Amino acid sequence: KARAIPLAKARDEARRLMNMAASGQDPRLEKSEAKRKREEQHRSTFGVCTEEFLERYVATRLRPSTMREYKRILTGLDTQHWQGRPISSITKREVLDVIEKMEGRGSPGAAARALAYLGKFFNWCAERDIIEIVPTDRIRASHPTTKRDRVLTEEEMAYVIRAIETEQTVFGPLFLILLMTGQRR
């Protein structure tokens, strides 16, 4: 259904289109170019790029639990206001605001993971030539994550060895090797 426009505006538009045709330009090309630009803008919104990233990269390369985390960060409350925006309009300051907001809630570990996931996402977009400037460049987590070593006590080791000896008859020597080396199957 065509939308109604005032008569004066319709005459002005008709005059403009006739002038374009008289100068050798095709008015239909202008309309198709405008439509193409609108479609391109829609394809490069944060929400659409997120869906594509989750489908093409995360779902094909990462575990389901990691995929849930990526999805939570990229489509969750902290980034929800970016969904309809062009991805190229998201600034470094806005990314910092999201990270600082998460840290302010008392979640420095979650903020560090969010920064890592956002960094991977924006780098993926840059690799695909969707954006030129990666807004997560040179942003570091303000709370460094500390790696901890977990060492079993002698009592815990004795318990593990007893459990292995009991289970070895059921599963065999391969199971013993897997348990002793901390491997998963």
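The following exchange concerns a predicted model and its helices, core and loops.

Biologist: On what basis are residues numbered, and which confidence limits apply?

Modeller: Residues are numbered from 1 along each chain as its sequence is written, and side-chain values use heavy atoms, with hydrogens and water left out. In this predicted model, totals for chains, interfaces and linings use all residues, side-chain atom pairs count only at pLDDT 80 or more, and local features need pLDDT of at least 70.

Biologist: What distance separates the end C-alpha atoms of helix H1?

Modeller: Helices are DSSP runs (H or I, at least four residues), numbered from the N terminus. The expected span of a helix is 1.5 Å times one less than its number of residues. For the 16 residues of H1 (residues 7–22) the span should therefore be 22 Å, and the distance between the end C-alpha atoms agrees, at 22 Å.

Biologist: Which residue just after H1 takes a positive phi?

Modeller: The residue follows H1 directly, and its phi is about 95 degrees. It is glycine 24.

Biologist: Is threonine 45 buried or exposed?

Modeller: Threonine 45 sits in the loop between helix H2 (27–43) and helix H3 (46–61). Buried means under 20% relative accessible area, exposed over 50%, and partly exposed in between (1.4 Å probe, protein chains only). Because its relative accessible area is 9%, threonine 45 is buried.

Biologist: Which residues does threonine 45 contact, leaving aside its neighbours within four places in sequence?

Modeller: Contact means heavy atoms within 4.5 Å. By that criterion, the partners of threonine 45 beyond those neighbours are Gln83, Gly84, Arg85, Pro86 and Ile87.

Biologist: How are H3 and H6 oriented to each other?

Modeller: Axes are lines fitted to C-alpha atoms, for helices over the stretch in contact, and angles run from 0 to 180 degrees between N-to-C directions. The axes of H3 and helix H6 (residues 108–127) come within 11 Å and cross at roughly 95 degrees. Angles under 35 degrees count as roughly parallel, over 145 as roughly antiparallel, 65 to 115 as roughly perpendicular and the rest as oblique. H3 and H6 are therefore roughly perpendicular.

Biologist: How many nonpolar, polar and charged residues has the contact of H3 with H6?

Modeller: On the H3 side are Phe46, Cys49, Thr50, Glu52, Phe53, Arg56 and Tyr57, which meet Lys120, Phe121, Phe122, Trp124 and Cys125 in H6. Ala, Val, Leu, Ile, Met, Phe, Trp, Tyr, Cys and Pro count as nonpolar, Asp, Glu, Lys and Arg as charged, and the others, Gly among them, as polar. The contact of H3 with H6 thus has eight nonpolar, one polar and three charged residues.

Biologist: At what angle do H4 and H6 pack, and which residues of H6 take part?

Modeller: The axes of helix H4 (residues 64–75) and H6 are 10 Å apart, at an angle of about 85 degrees. That makes H4 roughly perpendicular to H6. From H4, the contact uses Thr66, Glu69, Tyr70, Ile73 and Leu74; from H6, it uses Ala114, Tyr117, Leu118, Lys120 and Phe121.

Biologist: Which element gives the most residues to the largest nonpolar core?

Modeller: A nonpolar core is a set of buried Ala, Val, Leu, Ile, Met, Phe, Trp, Tyr and Cys residues joined through side-chain atoms within 4.5 Å. The largest has 29 residues, and Phe121 and Phe122 have the most contacts inside it. H3, H4, helix H5 (92–104) and H6 each give two or more residues to this core. With ten residues, the element that gives the most is H6.

Biologist: Which residues does phenylalanine 121 touch, not counting those up to four places away in sequence?

Modeller: Phe121 is one of the two residues with the most contacts inside the largest nonpolar core. Its partners are Phe46, Cys49, Thr50, Phe53, Leu74 and Ile87.

Biologist: Is threonine 136 buried or exposed?

Modeller: Threonine 136 belongs to the loop between H6 and H7. Its contacts, leaving aside neighbours within four places in sequence, are Val95, Leu115, Leu118, Gly119 and Phe122. At 9% relative accessibility, threonine 136 is buried.

Biologist: What is the relative accessible area of arginine 138?

Modeller: Arginine 138 lies in the loop between H6 and H7. Its phi is positive, about 60 degrees, although it is not a glycine. Arginine 138 is exposed, with a relative accessible area of 77%.
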